Amino acid sequence: MTNDNFLKELHNPDMPVPEGMESTVAVTGFNELLSSIYNWGRSNSIWPMAFGLACCAIEMIATASSRFDQARFGMEVLRATPRQADLMLVSGTVTKKMVVPIVRLYNQMAEPKYVLAMGACAIGGGPFKEGYNVVSGIDKFIPVDVYVPGCPPTPQALLYGLMKVQDRIRGQAFGNANSIPWYGKGPSDEVPVPILGPDLIDPRQAFLLRRAAAGEFDAPEPVADSTEEE
Ligand code: SF4
């Protein structure tokens, strides 16, 4: 077979497998082969960000330590910087103050990146749902790939969730911008950083706001958000 014919056959997923070799030969297209090798490497070298918010983080730490041994999945290198991480584990209660740095950290992570919401609090507010200082789920602010329910989830449950992240990576097509936006042209859009909290409207100034609305004088200036960057 000439080189050209060989390459043609290599790209041909309909190429018949010789009799007796069905169990040892996998027929695939070139892009599928490349995707599976590339995704095998990516899914077995995930670098999670060292990042814990509340009690769920204790179970996350247990998962990383020797008994449950997260290192078996190639994920033992917890990074202390978002620039070197591709998985954010949101493990714990997300307060209105904390959601701002979480979104900033997400924006600073390298593409392609993934988010796992661990525990009832990160998924929907948990026991503190609708509390004055807690948001009702991190997925209102950043895209979440895998949810691990529980209060707290066990290390086994978190390991299952991490394996689901691996499955998600393995299902993505190499070079396909629909599968991974990172392959698209130009920089990815940043997630808007939310401004939350009582600083926007001070209820103690409600009577002033009512009078301002009635046109008695200009509305009072809102108090500056202490979480904004200088
Ligand atoms: S889900 Fe339960 S264990 Fe996890 S942070 Fe919330 S209260 Fe704590």
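Asp 167 and Arg 170 sit together in helix H6, 3 residues apart, or about one turn of the helix. Helices here are DSSP runs (H or I, at least four residues), numbered from the N terminus. The structure is a predicted model, so local features need pLDDT of at least 70 and side-chain atom pairs count only at pLDDT 80 or more, while totals for chains, interfaces and linings use all residues. Residues are numbered from 1 along each chain as its sequence is written, and side-chain values use heavy atoms, with hydrogens and water left out.

Now for the charges. Side chains of opposite charge can pair when their charged atoms come close. The cut-off for a salt bridge is a side-chain nitrogen of Lys or Arg within 4 Å of a carboxyl oxygen of Asp or Glu. Searching the whole structure on that basis turns up 5 salt bridges, including these:

| Salt bridge | Closest N and O atoms |
|---|---|
| Asp 167 with Arg 170 | 3.6 Å |
| Asp 167 with Lys 164 | 3.7 Å |
| Lys 140 with Asp 139 | 3.9 Å |

Lys 164 shares helix H6 (residues 155–170) with Asp 167, again 3 residues away, about one turn of the helix. Put the pieces together and Lys 164, Asp 167 and Arg 170 are linked in a network of salt bridges.

How open are these side chains? Buried means under 20% relative accessible area, exposed over 50%, and partly exposed in between (1.4 Å probe, protein chains only). In the network, Asp 167 is partly exposed at 40%, Arg 170 is partly exposed at 39%, and Lys 164 is partly exposed at 35%. As for the other pair, Lys 140 is exposed at 55%, whereas Asp 139 is partly exposed at 33%.

Methods. Helices (H or I, at least four residues) and strands (E, at least two) are DSSP runs, numbered from the N terminus.
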